[in-house]
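Reader: I should be grateful for a close look at a single helix of this protein, with attention to how it is placed among its surroundings. Please treat the matter in one connected account.

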Amino acid sequence: MRFWRRAGRAVALSGSYAFAALLGLQAEPARAFDFSSLDVFGLFTKKDEPPAPSASALPYKLDFQLGDAEDAEALTRSLQDASLLYRLRQDAPPDGETLARRMAADLKPLVDALWSQGYFNAEVALVVDGVSLGVGAEPSATLVRALESHRNREPVPIVVRVDPKTVFGLRRIDVVERGDHGAPAIADPLKVSRLKAGEPATSSSLRAAQAALVDYMRAQSRPLAKMVELRPVVDHAVGTMDVTYVLDPGPLAGFGEIAIGRTDEIPPEVVRSFIYLEPGDPYSPKALADTRRSIATVPAVGSVRIREADKLDSAGNLPIFVEVTERPKHLLGFSARYSTIDGPAVKTYWEHRNLFGGAERLRLEASIFLAPRIDGTKIQSFGDFERSDLGGRFAVGFMKPALWGTRNDWLIDGVATRERVGTNRYGGYTARYANVTTAIRHRFSDVFSIQAGIEYERGQTSDVLGQIDYTLVGIPLSVKYDSTDSLLDPTRGYRATASFAPYPTFLGSTVGIYQTKAALSAYYALDEDARYVLAGRVGFGSITGASLDEIPATRRFYAGGGGSVRGYAYRSLAPLGPYGQLIGGRSLLEFSAEARIKVTDTIGIVPFFDAGTAFESSFPDGKQRLQMAAGLGLRYYTGIGPIRVDVAAPLNPRKGDKPVALYVSIGQAF
């Protein structure tokens, strides 16, 4: 029996749109003017309406009638997708004979569409003025005359009359492995295929099962696994289908030679540095996906193509070919934002992605923003505005990936900032500082890296504890592990970062401090499609070596905000000092938990709970109570990541905290 196929898509030609205009006040017939030729972009074309009747063409309209079918709406869409008549409804044929041939050619795709949904006993006919055209029949002269009778009067009314009858169910499902490859490649093929007896025998479920079986075998290091044959047998008498899959698992294999092909102006050794596969490693589709993602982290890389050889080499391994295309070298951008808490801000940035021909990235960024007032006063009018109400930031970043073809990257970052952080109710701090850091990052794999560098910062901070003029010279060390499956929307894996930055006085620091930070996030999908995901995060921070009033305010810890404890103002959770003003802390503890639930493929809801605060001591001692919040989020999933809208309410608010807070951003909260 021939298996289902779907007709290829054709381009629907734009139709015309006519309107009538009365000229003058005389009782003359309305004159119609066809402006379809002026509708270059199809803005005024009504796709569901046929072209206007004329003497030179025979337009038609379709009416799909499916009786009492339970899924009539979805089935109608499937029939429309398959129908050539429907796709070409704006392209009116010149005569009845041509239209009749088009109708006859449409019956086979319509039957295929019904079979693909499991309706193997369905009956289809095209009817015009009581004249019917069935499957396998040739257009008659009576049908042509019926079509021609509508010329220059009205569109031909074509009725697509369908009696789907009942959906066939699966009865027997067999999976047979061909060839002598040792033990069976799939111990429980029915579990892998996800097919069950009694389920509808739709083409989508059968194709999904075929893909699942092949993917499973490839994941078992069998790169040449393929589906040899699919045998569906339909029993029309009882309304069931038996299906047999014949598989060729192919031999077990590893990765062979990894060849770097086209790289445009990116040095091949840079691309090779971000490939962690080695010849002889067991073949794995996941490893190829991870390799593609790893190479794509190079800022100069635009796209990555990984091609597999169609046969094994002499050692029984599969050669791999990698090609990349380069992104545009220059990037110029501008953005503006507004927050009811932070006020307005504008930012501009420029980036060169291949500065010296070695995939080096240079990025310059400048921003100006409204610094929130922390002295109890407010900007009531334009005349109240002062120069100190403006904050600014200028940053420069440079990265040289793959130093001398190794897995080491050289990073240089510089920033000059003037900012004011806090709220009118609890105060805050004002800071002016400049920082330069240079570091070497070593990548052990695509998920694990360490980094060490030298940092110099000079600045001034002011808060309720006084003014501090400081210099910090340190050796920041950090480690990062990220096994998650997505940067913006992780559903599985772990993400951990830890850093230790000593700023001893013998290096030139005016205050000797030792700063430690750590964060761990975990993601667990409750189902295979990751429609239900549990996510949790814990954060920790500590500063030792100096008293609180000696530590610059920018280095102290604060909690609160969209990436911390939602429901509270940004960096507003910390110990209070004189006059009930924020003074920051020497340690930090944060917790977050979310349940990410997809209601549809594009819409999700996220109930969440956050808790945390900063402590005056160098380690959390419980003297400050944890501030807690709960809320509900809405997610709209796009191709680049989810758009996040969170509404959070403090559970133990302090005096002055708002009852709710709203957060909007791209990506999950953590």
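Author: In this predicted model, the buried residues of helix α8 are A287, L288, D290, T291, S294 and I295. Around the helix axis these residues cover an arc of only 160°, and they therefore lie on the same side of α8. The general geometry of such a helix is relevant here: with 3.6 residues a turn, residues three or four places apart point the same way.

The buried residues of α8 pack against four elements, namely the strands β10 (254-260), β11 (301-308) and β12 (317-326) and the helix α7 (268-273).

As to its dimensions, α8 comprises 12 residues, from 285 to 296. From its first C-alpha to its last, the helix reaches 17 Å, which is close to the 16 Å expected at 1.5 Å a residue. At the N-terminal end, α8 is capped by S284, a side-chain oxygen of which lies 3.2 Å from the backbone nitrogen of K286.

For the wider setting, the largest nonpolar core of the model has 55 residues, and L99, M103, L147 and Y245 have the most contacts inside it. Helix α3 (residues 96-116) supplies the largest share of this core, with nine residues. Apart from neighbours within four places in sequence, M103 is in contact with L85, L126, V128, L133, L143, L147 and I158. There is also a second, separate core of 29 residues, which includes Y426, Y503, I551 and A614.

Notes
Residues are numbered from 1 along each chain as its sequence is written. This is a predicted model: local features need pLDDT of at least 70, side-chain atom pairs count only at pLDDT 80 or more; totals for chains, interfaces and linings use all residues. Side-chain values use heavy atoms; hydrogens and water are left out. A nonpolar core is a set of buried Ala, Val, Leu, Ile, Met, Phe, Trp, Tyr and Cys residues joined through side-chain atoms within 4.5 Å. Buried means under 20% relative accessible area, exposed over 50%, partly exposed in between (1.4 Å probe, protein chains only). Helices (H or I, at least four residues) and strands (E, at least two) are DSSP runs, numbered from the N terminus. Contact means heavy atoms within 4.5 Å. The expected span of a helix is 1.5 Å times one less than its number of residues. The arc is that of the directions from the helix axis to the C-beta atoms. A polar contact is a pair of N or O atoms within 3.5 Å; within protein, one must be able to donate a hydrogen and the other to accept it, and residues adjacent in sequence count only if both atoms are side-chain atoms.
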